Amino acid sequence: MKKLTAALFAGTAALAFAATAQAEADGEAVYNQACMACHMTGAAGAPIRGDADAWSARVEQGIDTLYTHAIEGFGAMPPKGGQMGLSDEEVQAAVDFLVEPVM
Ligand code: HEC
């Protein structure tokens, strides 16, 4: 009986996790895959994640402007980091992750 309860619980937990993962894009995973190459190194003049000086004026524009610039491109920043297969929601989640240390 104990075993059955444990198995049921594990099944429920796995379902709950899958539902959450679907509803919410994983910003860190998208960042690691699509943004890090520039935003960790400063390549092409990209503001580095966690660099408060580089981000202060950008963050002042408001998060919606940052979302738009990340999705549509901005200066040397390619639209969606060049990965057009990403959804807008995934790019927004990556922006959240990118600016999280400086907000
Ligand atoms: C090829 C390099 C490159 C990649 C890949 C890249 N970026 Fe950028 N990003 C830049 C550069 C360069 C800038 C600075 C643009 C400027 O100020 O002219 C920038 C600026 C930004 C800004 C600030 C825009 C503003 O209004 O100041 C955000 C937000 C951003 N990137 C998000 C992302 C996200 C999210 C991803 C991944 C989906 C990503 N970037 C991938 C190069 C890149």
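Which of the 29 residues around the ligand come nearest? Hi everyone, let me start there. The nearest ones are C35, C38, G75, M77 and G81. Keep in mind as I talk that this is a predicted model.

Let me stay with the ligand for a moment. Three helices each give two or more residues to the shell around the ligand: α2, spanning 27–39, α4, spanning 63–72, and α5, spanning 88–99. Of the elements, α2 gives the most, with 6 residues. As for chemistry, the shell splits into 19 nonpolar residues, 8 polar ones and 2 charged ones.

Now, the fold. The protein chain has 5 helices and 0 strands, so to speak an α-α-α-α-α pattern when you read along the sequence. The chain has 103 residues, and buried residues make up 20% of them. Take the contacts between residues at least 6 apart in sequence: 63% of these join residues at least 24 apart.

A word on confidence. The average pLDDT of the protein chain is 87, and 78% of the residues score at least 70. The stretch to watch is residues 17–21, where the pLDDT is below 50 and where the model shows 0 contacts beyond near neighbours in sequence. Where pLDDT is low, the predicted coordinates should not be read in detail. If you have the structure open, please treat that stretch with care.

Next, a pair of helices. How do α2 and α5 sit relative to each other, roughly parallel or roughly perpendicular? For two packed helices, the description comes from the angle between their axes and the distance between the axes. Here the axes of α2 and α5 come within 8 Å and cross at roughly 70°. The two helices are therefore roughly perpendicular to each other, because angles of 65 to 115 degrees count that way. On the α2 side, the contact is made by G27, E28, V30, Y31, A34, C35 and H39. On the α5 side, E90, A93, A94, D96, F97 and L98 take part. The residues of this contact divide into 8 nonpolar, 2 polar and 3 charged. You may recognise C35 from the opening: it is one of the residues that come nearest to the ligand, and it also belongs to the α2 side of this contact.

Let me zoom in on F97, which sits in helix α5. Is F97 buried or exposed? It has 20 C-beta neighbours inside 10 Å, so it counts as buried, because the cut-off for buried is 20 or more. Leaving out residues up to four places away in sequence, F97 touches G27, E28 and Y31. Those three residues are also listed on the α2 side of the helix contact. F97 also sits 9.4 Å from A29, C-alpha to C-alpha, although the two are 68 residues apart in sequence.

Another residue to look at in helix α5 is E89. E89 has 14 C-beta neighbours inside 10 Å and counts as partly exposed. E89 and D26 are 63 residues apart in sequence, and 9.5 Å apart in space from C-alpha to C-alpha.

Now for the loops and some backbone angles. Most residues other than glycine have a negative phi. Against that background, A44 has a positive phi near 65° and is not a glycine. A44 is in the loop between α2 and α3, the latter covering 52–60, and it is exposed, with 11 other C-beta atoms within 10 Å. K80 is not a glycine either, and its phi is positive, at about 55°. K80 lies in the loop between α4 and α5. What about its surroundings: is K80 buried or exposed? K80 is buried, with 21 other C-beta atoms within 10 Å.

Back in the loop between α2 and α3, we also find A43. With 11 C-beta neighbours inside 10 Å, A43 counts as exposed. Setting aside its neighbours within four places in sequence, A43 is in contact with A37 and C38. C38 is another of the residues that come nearest to the ligand. A43 and A76 are 33 residues apart in sequence, with 9.9 Å between their C-alpha atoms.

Last stop, helix α3. How many of its 9 residues are buried? The count is 0, and the helix is hardly covered. Just after α3 comes G62, with a positive phi of about 100°.

To recap: α2 gives the most residues to the shell around the ligand, and α2 and α5 are roughly perpendicular to each other. Thanks for listening, and I'm happy to go back to any of these residues on the screen.

Note on methods: Residues are numbered from 1 along each chain as its sequence is written. This is a predicted model: local features need pLDDT of at least 70, side-chain atom pairs count only at pLDDT 80 or more; totals for chains, interfaces and linings use all residues. pLDDT is the predictor's confidence in each residue, from 0 to 100. Two residues are in contact if their C-beta atoms, placed from the backbone, lie within 7 Å. A residue is near a molecule or strand if its C-beta atom, placed from the backbone, lies within 6 Å of it. Helices (H or I, at least four residues) and strands (E, at least two) are DSSP runs, numbered from the N terminus. Ala, Val, Leu, Ile, Met, Phe, Trp, Tyr, Cys and Pro count as nonpolar, Asp, Glu, Lys and Arg as charged, and the others, Gly among them, as polar. A residue is buried if 20 or more other C-beta atoms lie within 10 Å of its own, exposed if 12 or fewer, and partly exposed in between; C-beta atoms are placed from the backbone. Axes are lines fitted to C-alpha atoms, for helices over the stretch in contact, and angles run from 0 to 180 degrees between N-to-C directions. Angles under 35 degrees count as roughly parallel, over 145 as roughly antiparallel, 65 to 115 as roughly perpendicular and the rest as oblique.
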